[in-house]
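Q: Could you take a close look at one helix for me and walk me through how it sits in the fold?

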Amino acid sequence: MTMSAKRLELLLLVAAVCGAAAGHKLLLVSFDGFRWDYDQDVDTPNLDRLVRDGVKAKYITPPMLTMTSPSHFTTITGRWVEDHEVVHNMMYDAKTNLKVAHKLTLTRSEWWDNGVLPLWITAQNQGRKTASFHFPGGGANYSGQAVDRVLVEPLDHPDDNETEWRQNIDTVMSWFTEEDFDLVTLYYGEPDNVGHAKGPDHPDRKEIVRQIDRTIGYLREAIDRHQLNDSLNVIITSDHGMTTVKKRPQVEEIILNKYLNLLKLASFEILDYGGFGILTPRPGKEQEVFDALSKAPNLTVYRKDQIPESFHLGKSERLPPIVVVADLGFNLNSRFIVYVNKGDHGYHNGEMDMKTIFRAFGPDFRRNFLSEPFDSVHIYPLMCQLLRIEPAPHNGSLTVTEKMLLHSGGSQVSAPGSVTLLLLIMFNVL
Ligand SMILES: *[C@@H]1O[C@H](CO)[C@@H](O)[C@H](O)[C@H]1NC(C)=O
Ligand SMILES: *[C@@H]1O[C@H](CO)[C@@H](O)[C@H](O)[C@H]1NC(C)=O
Ligand SMILES: *[C@@H]1O[C@H](CO)[C@@H](O)[C@H](O)[C@H]1NC(C)=O
Ligand SMILES: *[C@@H]1O[C@H](CO)[C@@H](O)[C@H](O)[C@H]1NC(C)=O
Ligand SMILES: *[C@@H]1O[C@H](CO)[C@@H](O)[C@H](O)[C@H]1NC(C)=O
Ligand SMILES: [Zn+2]
């Protein structure tokens with residue numbers, strides 16, 4: 001073997017080692033509103049196979065504020081809601097009474113960009129290439145930086161088209177193989193949509209879970225077809241669960257205006273939005289509003305400055321002074337029962353119906369590993385570890401999730417170190 005051939009071989013070896021040290025690729029998939037136990041009353045062969053081939057958590061707990069945007073943003077930032085300040089699905093301004101519907105917020109950077117950098121941007125700043133496919137928060141700019149590749153969910157996007165779901169997987173696979181993306185986040189609006197419209201116990205919810213299961217089967221085939229088995233880690237999770245909305249005559253539905261004159265006492269409110277409500281009392285009416293709501297049944301009212309610390313909501317500047325959390329299954333109707341949903345969320349994250357799923361597989365994950373439940377805030381440091389990037393400040397902890405990893409001993413700092421050592425040894429040989 002000539003010297004130059006030997007050198008070339010060496011270079012290739014070094015490149016391979018550096019590649020490994022740089023981490024594998026990562027796909028984060030979210031199926032909105034996938035309650036932790038949705039796979040237990042439906043035949044889900046692909047999800048079952050994942051249990052054997054990877055990691056399953058018994059369930060995970062979303063942050064307080066079990067809503068799509070707040071919870072997804074905790075997953076992708078590793079920060080509590082009071083820190084990242086995406087405190088509702090709707091964008092609002094209590095001073096001007098501005099309210100913007102969820103889907104229209106997806107490209108409104110001023111709602112998302114509050115000084116906390118999501119994983120896409122932190123990874124990009126460390127040389128990784130990232131993309132967001134319909135993932136909440138992916139369509140905003142952070143400190144002037146956009147995610148490298150973004151598809152924002154169009155307003156009229158159907159939630160449940162299985163053919164399109166598969167096409168989206170094909171697109172994501174081509175991003176990994178043809179364009180060398182390192183991180184892609186992929187979002188699906190189901191089973192949330194069916195859960196709201198029909199309720200979690202409806203046969204259609206079981207049908208959409210079967211569809212999701214087929215899609216996971218398709219994803220695994222696609223990974224194999226693209227020869228990504230050994231280089232792509234996948235995390236499948238969700239933002240919250242779903243519960244059946246309690247209606248008359250089973251219960252007396254809540255109509256808040258019966259307990260306080262909303263027009264007279266509040267200058268701003270977002271009610272009629274499932275189990276979570278917010279209110280700004282008119283000046284001088286704080287106590288009156290609080291007292292009136294304290295007497296209302298089937299809900300808990302909190303003054304912002306007295307919100308339990310475990311909610312991690314109290315420090316938020318955006319949340320108005322009064323926060324209302326309904327008891328499980330009750331809706332916070334303001335004046336009339338306008339609410340048509342049969343299922344909903346937004347309730348206390350301690351309720352089992354609000355818990356959601358976590359599955360993972362790929363080259364860095366153990367097989368057949370059942371994890372104890374954990375808070376979704378801990379997914380962020382796990383993702384940073386998988387990508388071998390330095391995390392931004394966050395509220396998670398890698399110790400919660402590293403047991404899932406095959407080489408949990410190999411910490412972030414030691415990886416570049418071992419490459420250096422290997423290089424030294426090899427140059428010695430030369
Ligand atoms: C993000 O920044 C780019 C470049 O400045 C701009 O073209 C784009 O409109 C911005 N997007 C959003 C959602 O603010
Ligand atoms: C589903 O998506 C496919 C592929 O995008 C499209 O051709 C088809 O028309 C869609 N079906 C419905 C019912 O919208
Ligand atoms: C890739 O993983 C799939 C399981 O999803 C398996 O069926 C297939 O044989 C694997 N392919 C290779 C090349 O190891
Ligand atoms: C709702 O509140 C009423 C009045 O306090 C109470 O009797 C009832 O048990 C509550 N319903 C539920 C389902 O908790
Ligand atoms: C969450 O993390 C941020 C950033 O490190 C920190 O400022 C904040 O105090 C943390 N919150 C809690 C409750 O520890
Ligand atoms: Zn929802």
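A: Right after H8 comes Asp-180, a residue with a positive phi, near 60°. Keep in mind that this is a predicted model. Stepping back into the helix itself, H8 covers residues 162-179, which makes 18 residues. From its first C-alpha to its last, H8 reaches 25 Å, close to the 26 Å expected at 1.5 Å a residue.

Now for which side faces in. The buried residues of H8 are Ile-169, Val-172, Trp-175 and Phe-176. If you look down the axis of H8, these buried residues fall within an arc of 115°, so they line one face of the helix. Turn to the face pointing away from that buried side and you'll find exposed residues instead: Thr-163, Gln-167, Glu-178 and Glu-179.

What sits over the buried residues, then? Quite a list of elements is included in the cover of H8's buried residues. Among the strands there are S1 (25-31), S6 (130-133) and S7 (149-151). Strand S8 (183-188) and strand S9 (232-237) also help cover the buried residues of H8, and so does a helix, H10 (203-225).

So, to picture H8 in one go: Ile-169, Val-172, Trp-175 and Phe-176 are buried, with strands and helix H10 among what covers them, while Thr-163, Gln-167, Glu-178 and Glu-179 are exposed on the face turned away. And just past the end of H8 you meet Asp-180 with its positive phi.

Terms used: Residues numbered from 1 in each chain as written. Chains lettered and ligands numbered in written order. Predicted model: local features only at pLDDT ≥ 70, side-chain atom pairs only at ≥ 80, totals over all residues. Helix = DSSP H or I, 4+ residues; strand = E, 2+ residues; numbered from the N terminus. Expected span 1.5 Å × (residues − 1). Buried ≥ 20, exposed ≤ 12 C-beta atoms within 10 Å, placed from the backbone. Arc of directions from axis to C-beta. Contact = placed C-beta atoms within 7 Å.
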